[in-house]
Each structure stands twice: as structure tokens, then as C-alpha cells.
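Q: Please take a close look at how side chains are linked in this model, with attention to the charged residues and the cysteines. I would like one connected account, and the sheet may serve as a point of reference at the end.

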Amino acid sequence: MIRAPSSDFWHVGIVPAPIAKAADPAALAALRERIVWLPESGRWRYLADPFAVWRDEALHVFVEAFDYRTKHAVIEHHEFSADLCWRDAGTALAQPFHLSYPFLVQDGGETFMIPESHRAGEVALYRATAFPRGWQRETVLLRDVPAAEASVLRHEGRWWMFFTVVGKPARDQRELHLAWAETLTGPWRLHPANPVIDDRSGARPGGTPFVENDRIVLPVQDCGGTYGGAIRLLEFQELGAKKVQWTRRPLRLTGDLVSSSHRDGFHTLAACGDVTLIDVKRVDRSWQRIGVDWRRRLARWRG
């Protein structure tokens, strides 16, 4: 039987709990009714990859805003009050190339963003010049690397970057790569053991690395059944410039824990103080998707 084309649609939520609690499936499920969801973005659009920062008694959430009609994404900003009431939204960063995964970093009293821009073949650092919607490209952290989902953490005097590399066959869904530097702006050195993991069931970064019991814990995506099917946690017993040791925790975070409408995936777990950002997925099958794709191709052909 011929089936209609499928489309993934993601939905972003704010969990009123720190990441260590939100990372536990039972605790997350218990918080289900208290999750604050971002507004729906309209037909053939979705919001995903949430990261956030508190400033001036407001929560500033940055997301990938993707439109199937253009197959292009920009970084969108959503502002919430201290009691998590939605206030406003607008574009924070746009480029000719696709942007997603707006990982936020605080360093030296300034706010930085490392958006995923693998189509530009680089990992670039942007600095907030007029927060929250004014950003300037500061420097390139990794050049000539089609990296995705770059996630950084400063630990024991050194910066660590976790990322995947886009390539066939589904390389970005099964490989974890590392780089390290003495300062955020670099120079960054690629780890000699890359890829340190090659496993579709838990390698692609999926949120904010955090420290628990003196060990780095990294949320990763389980893409074994579907892209972004679930979040799992890697725990690093040793993370050095030459040697890496890790274990994967057995628990999984899935969409059905928090949503009845978006049960088909869960691929971001991002820390922001006393709240945690998540996104969950529903898979939609519709013959209308063929028309959307044809209109996009026609518009591109007409130039």
C-alpha cells in the first residue's frame, strides 16, 4: 500500500524543574501537567531545538523555526515572564544558510550563541550585541567541518565541545565527536579518538551537558528507530585530551511521557537554572506535502 509522505513536527516545552530532575523519566512524567508549551507556529512550520537564558526577570527562549515551504530555518526568540507567561516572539538570527540548535553560552559576562550551520561548513560563535535579537558573528571555532549540534561545557579549566558530523550514510545520527580548547574562542583541537562513539542508539548531542557527582553528563539522541526518537544520557568517567571513557545510562526520555499529541520523538534536553527546555515530535502523513514540495521547487526554479 502506498503511504502519504511523512513530515516531522516538533513542539517546544518548558519544564519547571532543573535538568537533573527533568532527566529522570518518572520525575518528568509527574511534571507533565505543569509543562508550559510554546505557541504553535502554524501549518507547515515547527519550532525545535530550544535553549534559554534568564535575564531581567524574563526567560528568553531561542529555537529553530523551520518552514517546510522553504526548507529553511532561522533562529527565533520567545520571551516569557518570570512566571512563564508568554509575551512576545521575533527573529533573532537569520542567514542565507539553514540555522538550528542555538546553543547558548555565558562567558566573561557576555552571552554567546553557537547555532548549527553545517551547510556553511563551520562552527561559528555569535556574540549578543543587542540582546536578545541582535547578534554578531564573532569567530569560527571549527573551520571546514560540517558539524551539527555543537554543545560546549567548561569543566576543570578546559572547554569541551561535543558534536556530530553531517554525511552519508546517516553519519550525523550515529557519531559523537569531541574537541577541546583552553578558551571559548579557541583554538579548538579535534580529539584524536574521533568519533568517540559510533552508535545510532545514542551519539548525536541533544542538549546541555551538565555535571552530576563530578562527572559530565551529555544528553544524546536515540535515533535507532527514528530520527530524534528519544533522549538518553552519556556519563563520562574520564574525559581527557587523549583518553575517553563513558557509559550510557539505561533510562530513555520519550514523547509519550509528556504529551498525548507529540509521542513520536524527543530530541532536546536543555538546562536553564530552575527550568529545563524540551521538544517532542509528532509524525504527520499528508498528501498535501507533495504540493508543498512542488511549489517550493517551482519557486526556486523561477529564481
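A: A disulfide is taken here as a pair of cysteine sulfur atoms within 2.5 Å. In this predicted model, a search of the whole structure by that rule finds zero disulfides. C85 shows why no such bond is assigned to it, because the closest cysteine sulfur, that of C272, lies 17 Å from its own, too far for a bond. C85 counts as partly exposed, at 42% relative accessibility, whereas C223 is buried, with a relative accessible area of 1%.

The charged side chains give another picture, since the count of salt bridges comes to 23. One of them joins R204 to E149, with 3.1 Å from N to O. This pair links distant parts of the chain, for R204 belongs to strand 16 (residues 204–205) and E149 to strand 11 (residues 147–155), with their positions 55 residues apart in the numbering. Both partners are buried: R204 has a relative accessible area of 5%, and E149 has one of 2%.

The surroundings of R204 deserve a closer description. When residues up to four places away in sequence are left aside, R204 touches A148, E149, T164, D172, Q173, E175, P219, V220, Q221 and Y227. The salt-bridge partner E149 is therefore among these contacts, and so is D172, whose side chain is joined to that of R204 by a polar contact of 2.5 Å.

E175, which also appears among the residues touched by R204, forms a salt bridge of its own with R171, where the closest N and O atoms are 2.8 Å apart. The two ends of this pair fall into separate accessibility classes, because E175 is buried at a relative accessible area of 6%, while R171 is partly exposed at 28%.

A further salt bridge is formed by the side chains of D199 and R248, with an N to O distance of 3.3 Å. Here too the pair links distant parts of the chain, as D199 sits in the loop between strand 15 (197–198) and strand 16, R248 sits in strand 20 (residues 244–248), and the two are 49 residues apart. D199 counts as partly exposed at 27% relative accessibility, and R248 is likewise partly exposed, with a relative accessible area of 22%. Beyond such single pairs, salt bridges that share partners join R171, R174, E175 and D198 into one network.

The sheet can be placed against this region by one distance: the C-alpha atoms of R204 and G134, which are 70 residues apart along the chain, are separated by 29 Å. The sheet itself is open and has four strands in the order 7-8-9-10, paired in the antiparallel sense. Strand 7 (100–107) and strand 10 (134–143) stand at its edges, and because each has a single partner strand, one side of each is left without a neighbour in the sheet. On average, and with direction ignored, neighbouring strands of this sheet are turned by 30° against each other. Strand 7 pairs with strand 8 (residues 110–116) in the antiparallel sense over six bridges, and within this arrangement I114 of strand 8 is the bridge partner of F103.

How values were computed:
Residues numbered from 1 in each chain as written. Predicted model: local features only at pLDDT ≥ 70, side-chain atom pairs only at ≥ 80, totals over all residues. Heavy atoms only, no water. Pairing = 2+ DSSP bridges. Axes fitted to C-alpha atoms, helices over the stretch in contact; angles between N-to-C directions. Salt bridge = Lys/Arg side-chain N within 4 Å of Asp/Glu carboxyl O. Buried < 20%, exposed > 50% of the residue type's maximum accessible area, 1.4 Å probe, protein only. Contact = heavy atoms within 4.5 Å. Polar contact = N/O pair within 3.5 Å; in protein donor to acceptor, adjacent residues only side chain to side chain.
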